[in-house]
Structures are given as structure tokens and as C-alpha cells.
Amino acid sequence: MKSKNDLKISFNALKVLQKRYLLKDEDGNIIETPEKMFKRVSKAVAGADNLYNDTDAYKTEKKFYRAMSGLEFLPNSPTLMNAGTPINQLSACFVIYIEDSINGIFNALKHMALIHKSGGGVGFSFSKIRPKGDVVKSTKGVASGPTSFMKIFDVATEVIKQGGRRRGANMGILDIRHPDIIEFITSKEHEGVLTNFNISTAVDDEFMNAAVNNEEYDLINPRNVKHVKKLNAGKVFDTIVNTAWKCGDPGIIFIDEINRKNTIPNAGIIEASNPCAEQPLLNYESCNLGSINLTKMVKSGKIDFNKLKSVVETAVHFLDNVIDINNFPISKVETETLKNRKIGLGIMGFAEMLIMLEIPYDSQDALDTAEKIMKFVTYHARKVSAELGRLRGSFPNFKGSIYDKNGFQAMRNATVTTIAPTGTISIIADTTSGIEPLFAVSFIRDVMEGEKLLEVNKLFESTAKKEGFYSKELMTEIAKKGSIQNIDEISGSIKRIFQTAHEISPKWHVKMQAAFQKHVDNAVSKTVNLPNNASPEDVKEIMLMAYKLKCKGITVYRYGSKKQVLYLNSYQG
Ligand code: CDP
């Protein structure tokens, strides 16, 4: 195995690892180095090979260690934090069912608490809960409605704080036909409300058509499936648009598109997704994610597809092994997860890879590159999963799945790819998160009381040095301006390549999300950035565009609006 000195961990990565990932003793002293952390994780995950007689677990351990310590592949945070420890809960994503009864609601609350405590995030559909003011038979009272119950989940999350290592994250979803839909859509309008929730409305094709044509649609009481009243779909859609313009929430989930792409329709209908919406799941399913660092897949100015293929193979083996050794926080989650064995392999560092290839993010070339890479990753991930299925057995719901119908003989995992936000693991890998553009080329980070540190993107720094325009003064000026677009010393082609998230037009963000979605089994985490002076009409256009381009959902962020993106929390290293 590599020696300690081979591990190239950045200063920020080390800070994040020390604060939240490396094991500590009871007095809070760190008792692990990053190298030991990767060894702990590799050993624990490779251990699953011992359950089968098809591989050498020690060789596998070395393979996993090389991929992680080389920062070529990293699993989601719970795996890094918990593998090989007594907790051993390794998944980031869960969906829990909420039944319309006090017993059902508080059972779900307890499940959420157990999941948060072990480091996972939870998505819920609140659509089955009867509306506000509806009858409650046993007490002859009136029902409180889903939005009131969400507040209880929010407070519980605040108190539990995911085992103290990261803030709890939830996704609250409500069907567009629920009678309380307007209250739900506007529920995060005011500061400080439901701060531990991202919220999304689940909209179907019928609603979208009615919205575009300004027609009425039916609201249905989920308790007795009775029609309650009609609303104008165009107006409801405008309420979503205006509220998202104001505060970033709600997002939209295109539920029909999600179910059209459901690989296991034989197992049920999908109603919800995890907190950052990249992982639609059936009730009680969990999923573990992992991401390949694309900046490590570039050789002599080109994508090294041989290396990418080999890292995909290692990653799928790793993520599938995780399921075998995972300590599930709830037995029902274990049963449901093991039926489908979903994994979510994705990528990070896409924007930095484009810079290395000198491709502007907002170009056809970038969209083509996105499609080419993701098609390749999904193709090879499926190939490995099919082979693992042959050796170790297919996921139990294989019969009746799309794979079965398409002539596959075996498949280990019902899904193989997902684009995660990679909020923290991209810091550990020292690259841009997921498929997002650069956040900044140079910025000033507040370190500790009053102390400020100038940080320059490493690719920009080396370009500036190579082109001869590097100076600390210039980097500070750029950090203050937040942009290089009006700096005379910098050439047009460099300005074009180093565009940051807010300099890229919203439509290109959506196009990029759609390009990736074409080749991803699950969904794509993407924030569509809009300038502060964007109008609600702009937001509407973006949402309609996402629907038209077959995205599975959409989240917008207007610069300066008060959105609290949950995973951005991870950046507070
Ligand atoms: O980079 P990292 O593995 O920490 O996570 P991510 O890719 O930013 O987020 C992946 C998923 O982890 C989210 O969609 C949530 O389901 C979960 N998560 C969470 O539960 N709590 C957080 N504070 C951040 C993420």
C-alpha cells in the first residue's frame, strides 16, 4: 500500500476531515490519520468479498484503498465516517413512508430520528396525510394537515443533528392534488421556518398540461379519494414560480417522468426522493452513493477512458459491497433495500475537468462531453453490475424489471448511477462539486475571528502563472470583484473557460442537467443559478424548460434570495 507521504490532501480537506470524519476518542482527541481512515473504509468494505468465493478480499482492499487515497473515487460521507466502526451505517439516502394516522406519523418520526442519528438524510411524501380541517373519527376533532406535522419533523431534526457530525437533512414532498397544496408551497416563505427541509411539489403531466393551458384541475382528499374542489393550474404553477423566485423553495419533482424511468415498475410506484432530490426511491428504500473525481481522469489534455473504465469497475464493486456490510438503522429499510440493491455512482469535478480540456461550460462541446462521459459510466457500471449479478445473484426484484424485459440475464443492482451534490466529498477531493460550474476563481475565506485567507482556484493559479499575469494583488482584486470578466490583463479565451456559476446563463445550467439526466438511472443534483435581477417570468421559463427537456426535477437559486441549500452547509468546513 502507498505510504503516508503519497496522500495529497489539501488544507481544506484536512480541516473538514479533522472536524467530522476522522475517528475521535471519548475526550474528542483525533485518533486517526486520513490514510488510516481510507484503510479502515477499504478493509471494512472489501470484507464483503468474504461472503462469496469469487474474489480475493485482500486484493480488493488494496484496489479500494488506491482509488480512495488517490482521490479518484470517494463514497458518500456516511461510508467514510462510519465504515468499520460500531455504527457502520453507510447510506446517505432514505425514503420513509408516512401513513395517515398518529401512529403512522410518529413511527415515521422515530425512523427519521434513527436515520439522522446515523448520518443519513430522509425524504418523505406527506401526500397521504388528510388535509387541514378534515375529520378525525376517534376524537371527532379536526385534522392539522401535513404542513403542521412537517414542523414536528423539523424540530426533531434540529435536536438530533445527525449524530453531531452534520446537520440533518430532509425532503418534504406534497402531491400537487393535495387540498393543502397552497399552504405547502408557501410554507418556507418566512425566514426560519422548516430550515431542515428542502420542499418539493410532485407534479404530473396532466397538471403540467393544465398549467400551460391555464385550465382547472382537481384537488383530492387522500383519506377518501374524494374530489374537494378545483383550482386553476396556471395560478398554482405561478404560485410555485413566485415562491421559488422569492426563497428558492419549493422545487419541483416531475413524478411521471420519474416513474416512466423507474427500472423496477414491478416493485411499485415512486412517490418521493432523498433530501437533495438526486435519488428517487420507493418507500423504505435506502441508497448509497459514490463519485468519481473526473479531474483525475485527464491525461495529456484528453479524457483517459481506460482509466475511467477501471475506476468505474472498482466503484461499482465497492458500492455493491457496501450493501452487504451495511448496518441498516431500521429492519424494514433493510428488507426493502435488499430487494433492489440500488447504488448511485456519479461524478464530481466535471467543471474542473472541462477547464483542463479547455472547454467552456456553456458550450455544445461541454454538453457533448457530459453525454459521452455519463453514457460511458452508466454503460460500464451496468456491465459490472450484470457480471456481479451472474456471480453473486441478481437483486430479488429482477424478474419483471426493465433489465429482465430487455434480455439481461442477471443484474445485481436495480439502479447504478446518480449525480450527487458531493457537497463535502468534493472538498475532500479538492475539486468542484458534482456537475456544478466553478463557484469562484478567487475568493476571501473567513477563517477565524477577523482572520482572512485568500484562496485561488488551483487551475486558475497555474494558468495565471503560465500566462504571466499572476500577482497577489490581482488575485485579491478578483476575489473582491467576484469575477474576472472585466479584468483587462486576462484574455478572452481564459475568461470564457473560467466562468463561474452566476456568469453562466440559467438555460445552460438546465441544458447541462438534462444532458446528464439522459444517461443517469436515478436523478441529477443541480442548482440552476439565476441573477438577483431575474424575474419570476425567468424562473417560470426555466421550470418549463426543465420539464420539456425531461429532467426529473428542478431547483432554482436566485442570487441573494434567501434559500438555505441544505448541503451547502457542508461547506462550513
Ligand atoms: O458530499 P457528501 O457525501 O457529504 O454528500 P452530498 O453528495 O452533498 O449529499 C448526498 C446526500 O447526502 C444528500 O442528498 C442527502 O441525502 C444526504 N445529506 C444529508 O443527509 N445531510 C447533509 N448535511 C448533507 C447530505
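These are short exercises on a predicted model, each with a worked solution.

Local features need pLDDT of at least 70, side-chain atom pairs count only at pLDDT 80 or more, and totals for chains, interfaces and linings use all residues. Residues are numbered from 1 along each chain as its sequence is written, and side-chain values use heavy atoms, with hydrogens and water left out.

**Exercise 1. Find the residues that come nearest to the ligand.**

Step 1. Take the residues around the ligand, meaning those with a heavy atom within 4 Å of it. There are 20 of them.
Step 2. Pick out the nearest: S77, R166, N274, T422 and G423.
Step 3. Sort the shell by class. It has 8 nonpolar, 9 polar and 3 charged residues. Ala, Val, Leu, Ile, Met, Phe, Trp, Tyr, Cys and Pro count as nonpolar, Asp, Glu, Lys and Arg as charged, and the others, Gly among them, as polar.

**Exercise 2. Which backbone atoms lie 2.7 Å, 2.8 Å and 2.9 Å from an oxygen atom of the ligand?**

Step 1. At 2.7 Å, it is a backbone N or O atom of T422.
Step 2. At 2.8 Å, the backbone N or O atom belongs to G423.
Step 3. At 2.9 Å, the backbone N or O atom belongs to I425.
Step 4. Now check the cover. On its own the ligand has 520 Å² of accessible area (Shrake-Rupley method, 1.4 Å probe). The protein covers 99% of that.

**Exercise 3. Work out which parts of the chain the R223 and D134 salt bridge ties together.**

Step 1. Confirm the bridge, a side-chain nitrogen of Lys or Arg within 4 Å of a carboxyl oxygen of Asp or Glu. The side chains of R223 and D134 meet at 2.6 Å, N to O.
Step 2. Place the partners. R223 sits in the loop between β8 (216–221) and β9 (226–232), and D134 in the loop between β3 (121–125) and β4 (135–136), so the bridge joins parts 89 residues apart in sequence. Strands here are DSSP runs (E, at least two residues), and helices are H or I runs of at least four.
Step 3. Check exposure. Buried means under 20% relative accessible area, exposed over 50%, partly exposed in between (1.4 Å probe, protein chains only). R223 is partly exposed at 33%. D134 is buried at 11%.

**Exercise 4. How far apart are K332 and E336 in helix α12?**

Step 1. Their side chains form a salt bridge of 3.7 Å, N to O.
Step 2. Both lie in helix α12 (residues 331–340), 4 residues apart, so about one helical turn separates them.
Step 3. Compare exposure. K332 is partly exposed at 40%, whereas E336 is buried at 16%.

Conventions
Polar contact = N/O pair within 3.5 Å; in protein donor to acceptor, adjacent residues only side chain to side chain.
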